[in-house]
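Biologist: I am new to this structure and would like a close look at one part of it. Please start there and then work outward.

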Amino acid sequence: ALHIDGGDVSFRSWRTQSESNDYSVTALAITAKKSEVGDLELLALGAGGNPEQDYQLPILRAVIHLSDGENDIEVSGNILKNLTLEGGEVTRVDIFMPAGERYRLGVV
């Protein structure tokens with residue numbers, strides 16, 4: 001599959017309330033400059049926003065929000081597989097991780 005270049009998207013993330021104590025949810029807002037389909041690699045950011053190379057995020061589940069509902073996204077390691085992004089539109093993705101895990105996220 002194609003790799004979506006992190007430089008081709010604007011990206012922000014924030015923590016949301018989760019309805020369970022078992023996991024935490026980080027919401028991503030991804031805006032692609034042009035329509036893209038491919039794999040998007042996430043990156044954990046450490047102190048000062050520096051990338052934590054080779055760090056495996058403990059992603060339990062990823063969900064993309066679409067106009068007609070939500071779909072699960074296949075995840076492999078830190079990679080969101082086969083993401084479809086519409087150019088100029090904000091795509092919301094929720095990342096589920098074990099409770100207590102707090103990461104600032106970036107894209108590769």
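In which sense do S6 and S7 pair, and over how many bridges? Please take me through that part and then its surroundings.

Modeller: S6 and S7 pair in the antiparallel sense, over two bridges. One point before the details: this is a predicted model. The protein averages a pLDDT of 91. At least 70 is the score for 99% of the residues. Confidence is highest in S6, at a mean of 96. It is lowest in S9, at 89.

Now the pairing itself. S6 covers residues 75–76, and S7 covers 79–85. Across the pair, serine 76 stands opposite isoleucine 79 in S7. Strands of a sheet pair through backbone hydrogen bonds, either parallel or antiparallel.

Between the two strands is a loop, and glycine 77 is found in it. Glycine 77 has a relative accessible area of 28%, so it is partly exposed. Leaving out residues up to four places away in sequence, glycine 77 touches Gln56 and Ile59. Valine 37 is another matter. It sits 40 residues from glycine 77 along the chain, and their C-alpha atoms are separated by 18 Å.

Asparagine 78 lies in that loop too. Is it buried or exposed? Its relative accessibility is 10%, so asparagine 78 counts as buried; the cut-off for buried is under 20%. The side chain of asparagine 78 reaches the backbone oxygen of tyrosine 55, at 2.7 Å. Tyr55 is also on the contact list of asparagine 78, which leaves aside neighbours within four places in sequence. Gln56, Leu57 and Ile59 are on that list as well. So are Leu40, Glu41 and Leu42.

Take the stretch around tyrosine 55 next. Aspartate 54 is found in the loop between S3 and S4. With 80% relative accessibility, aspartate 54 counts as exposed. Its phi is near 65°, a positive value in a residue other than glycine. Asparagine 82 shows a positive phi too, of about 50°, although it is not a glycine. Asparagine 82 lies in strand S7.

Back to the sheet. S6 and S7 belong to an open sheet of four strands, with antiparallel pairing. The order is S6-S7-S3-S9. S6 and S9 are the edge strands, each pairing on one side only.

S7 also contributes to the interior. The largest nonpolar core has 22 residues. Which of them touch the most other members? They are Leu80, Leu83 and Ile95. Strand S7 gives two or more residues to this core. Strands S2, S3, S4, S8 and S9 do so as well. Leucine 83 shows how S7 meets its surroundings. Aside from neighbours within four places in sequence, leucine 83 is in contact with Ile4, Ile30, Ile64 and Ile73, among others. Its list also includes Glu36, Val37, Gly38 and Leu40.

S4 brings another pairing. Five bridges join S4 to strand S5, and the two run antiparallel. S4 and S5 form a hairpin, with two residues between them. Histidine 65 stands opposite glutamate 70 in S5.

S2 and S8 are linked by rings. The structure holds one aromatic pair. The ring centres of tyrosine 23 and phenylalanine 96 are 5.1 Å apart and the planes lie at 65°, so the pair is edge-to-face. Tyrosine 23 lies in strand S2 and phenylalanine 96 in strand S8, so the pair ties together parts that are 73 residues apart in sequence. Phenylalanine 96 is buried, with a relative accessible area of 11%.

Last comes the segment before strand S1, the place of histidine 3. Histidine 3 is partly exposed, with a relative accessible area of 45%. Its side chain reaches the backbone oxygen of valine 108 at 3.2 Å. Not counting residues up to four places away in sequence, histidine 3 touches Asp39, Glu41 and Val108. Glu41 is also a contact of asparagine 78, which brings us back to the loop between S6 and S7.

Terms used. Residues are numbered from 1 along each chain as its sequence is written. Side-chain values use heavy atoms; hydrogens and water are left out. A nonpolar core is a set of buried Ala, Val, Leu, Ile, Met, Phe, Trp, Tyr and Cys residues joined through side-chain atoms within 4.5 Å. Buried means under 20% relative accessible area, exposed over 50%, partly exposed in between (1.4 Å probe, protein chains only). Contact means heavy atoms within 4.5 Å. A polar contact is a pair of N or O atoms within 3.5 Å; within protein, one must be able to donate a hydrogen and the other to accept it, and residues adjacent in sequence count only if both atoms are side-chain atoms. Two strands pair if DSSP finds at least two bridges between them. pLDDT is the predictor's confidence in each residue, from 0 to 100. Rings of Phe, Tyr and Trp (its six-membered ring) pair if their centres lie within 6.5 Å; planes under 30 degrees apart count as stacked, over 60 as edge-to-face and the rest as tilted.
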